[in-house]
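The following note is offered to a colleague who is meeting this structure for the present purpose. It takes helix packing first and the annotated positions afterwards.

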Amino acid sequence: MTKYGSFPGARPRRLRTSPVMRRMVAETRLHPADFILPAFVREGVSEPVPIAAMPGVVQHTRDSLKKAALEAVEAGVSGIMLFGVPEESKKDAQGTVGTDPDGILQVALRDVRAEVGDDLLVMSDLCLDEFTDHGHCGVLDAEGRVDNDATLERYAEMAQVQADAGAHVVGPSGMMDGQIGVIRDALDQIGREDVAVLAYTAKYSSAFYGPFREAVGSSLQGDRKTYQQDPANWRESLRELELDLVEGADMVMVKPAGPYLDILARVADAVDVPVAAYQISGEYAMIEAAAEKGWIDRDRAIVETLTGIKRAGARNILTYWATEVARQLR
C-alpha cells in the first residue's frame with residue numbers, strides 16, 4: 001500500500017517477470033514449419049559460389065543444393081524456393097533457357113525432388129529475369145517495353161515445364177497483369193491441378209533487391225517500375241489481391257516483408273488463404289552487415305524481425321535464415 005492507495009492496480013509487468021512467464025503468454029510464436037528457404041543454383045560451377053553482398057548465402061552447385069534441401073528437411077522447414085542461374089552465354093531476349101526442360105532450373109527441380117520427395121515442398125520461381133539478356137521479367141516489344149501479354153505466353157510454358165520437372169508450387173514473381181489466371185489454366189491443361197500457385201500479389205519496386213541481383217547474376221537494363229508496385233501505394237495491393245484470388249491463387253505473398261508490414265497486415269486481414277512474406281536480400285544483408293560491425297546482436301535481430309513479420313500476419317516466411325532459425329527453434 002502506498003500513499004496512493006492501491007495504485008497502480010494493474011501491473012502488466014507481472015507477465016514479464018521471467019523467461020518461462022514470457023514464453024507462456026507470448027502471442028506470436030515462430031515454428032520451423034513457418035519457413036521457406038530461397039536457394040540459388042548456378043550452372044557450370046564445381047563449388048558453391050559465395051554471394052559477396054549476402055554473407056553466408058551461396059550460389060549452389062547441383063550437389064550442394066541437394067544437401068541444403070536435406071538440411072532444410074531435417075530442420076523442419078516447410079519449403080525451398082529455387083532460382084536458377086544459367087551460364088551467361090545461354091541468356092537471350094526470350095529467356096528460352098527458362099523453358100528448356102534441360103535448363104538449370106528444371107534440372108535442379110528434378111534433382112531436389114529426387115532427393116527429398118514429398119518431405120519438402122519444392123517451389124519454383126516462375127519468372128524470366130534470370131534468363132533474359134536484358135534482365136527484365138518479361139519479353140520486350142519493338143520499343144523496348146515489357147510486353148505483358150506476350151510474356152504471359154512464356155509464363156504458361158514455364159509453368160508447364162516446371163510442373164513436369166517436379167515443382168509442388170510455382171511462384172510467379174513477374175507482376176504481369178493476368179499472370180495467375182494464365183498459369184492456372186496452363187497447369188490444368190496438362191492435368192496438373194495438384195500444383196499450387198503462390199502469387200507474388202504485392203511485389204514492390206524496392207531498393208532492397210540489390211543483393212539479389214548479384215545472387216542471380218542479373219543482366220537488368222533500366223528498372224522494373226512499370227510492372228512492380230509503387231512503394232507509395234497500398235490500395236492497389238488490395239486490388240491486385242482481389243484479382244489474384246479471382247484468377248485462382250492458392251496462396252498470396254507480400255514482398256519485401258519488413259518495409260511493408262502495413263501492407264502485409266492489410267492483406268492478411270482481407271483473406272482466408274495462406275499469406276506469405278519474403279524477407280528479401282537487402283533485409284538480410286543489412287542485419288548481417290550491422291552484426292559484422294558489432295553494432296547489433298545478430299541472433300536477436302534475426303528472431304525479432306521474423307517475429308514482427310509473423311505478428312503482422314504472415315503464415316509463412318521466405319527467409320535466407322530459414323534452416324538456421326528452424327534448427328534453433330527445435
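1. In this predicted model, helix H2 passes helix H3 in a right-handed crossing. H2 comprises residues 62-75 and H3 residues 104-116; their axes come within 9 Å and cross at roughly 45 degrees. An angle from 35 to 65 degrees is classed as oblique, and the two helices are therefore oblique to each other.

2. On the H2 side, the residues that meet H3 are Arg62, Leu65, Lys66, Ala69, Leu70 and Val73. Their partners in H3 are Ile104, Val107, Ala108, Asp111, Val112, Glu115 and Val116. Sorted by class, this contact holds 9 nonpolar and 4 charged residues, with no polar ones.

3. H2 also packs with helix H11, which spans residues 322-329. Here the axes are 9 Å apart and the angle is about 30 degrees. Because angles under 35 degrees count as roughly parallel, H2 is described as roughly parallel to H11. The crossing of H2 with H11 is left-handed, whereas that of H2 with H3 is right-handed.

4. Which residues make the contact between H2 and H11? From H2 they are Glu71, Ala72 and Ala75, and from H11 they are Thr323, Ala326 and Arg327. The division by class is 3 nonpolar, 1 polar and 2 charged.

5. Turning to annotation, an unreviewed UniProt entry carries the label "active site" for Lys203 and Lys255. These positions are spread over 53 residues of sequence, yet they cluster in space, with a largest C-alpha distance of 4.8 Å. Both Lys203 and Lys255 are included in the lining of the largest cavity. Lys203 has its place in strand E7, which runs over residues 196-203.

6. The unreviewed UniProt entry also gives the annotation "binding site", which covers Arg213 and Arg224. Where do these residues stand with respect to the largest cavity? Arg213 and Arg224 are both taken into its lining. Arg213 lies in helix H6, made up of residues 210-215.

7. For a reader new to the model, two matters may be kept together. H2 has packing contacts with H3 and with H11. The lining of the largest cavity takes in Lys203 and Lys255 from the "active site" annotation, and Arg213 and Arg224 from the "binding site" annotation.

Methods
Residues numbered from 1 in each chain as written. Predicted model: local features only at pLDDT ≥ 70, side-chain atom pairs only at ≥ 80, totals over all residues. Heavy atoms only, no water. Axes fitted to C-alpha atoms, helices over the stretch in contact; angles between N-to-C directions. Helix = DSSP H or I, 4+ residues; strand = E, 2+ residues; numbered from the N terminus. Parallel < 35°, antiparallel > 145°, perpendicular 65-115°, else oblique. Left-handed = near helix turned anticlockwise from the far one by under 90°. Contact = heavy atoms within 4.5 Å. Nonpolar A, V, L, I, M, F, W, Y, C, P; charged D, E, K, R; others polar. UniProt positions renumbered as here; feature names shortened; annotations may be inferred. 1 Å grid on protein atoms, 1.4 Å probe; cavity = no way out; pocket = protein on both sides within 12 Å on 5 of 7 lines; lining within 4 Å.
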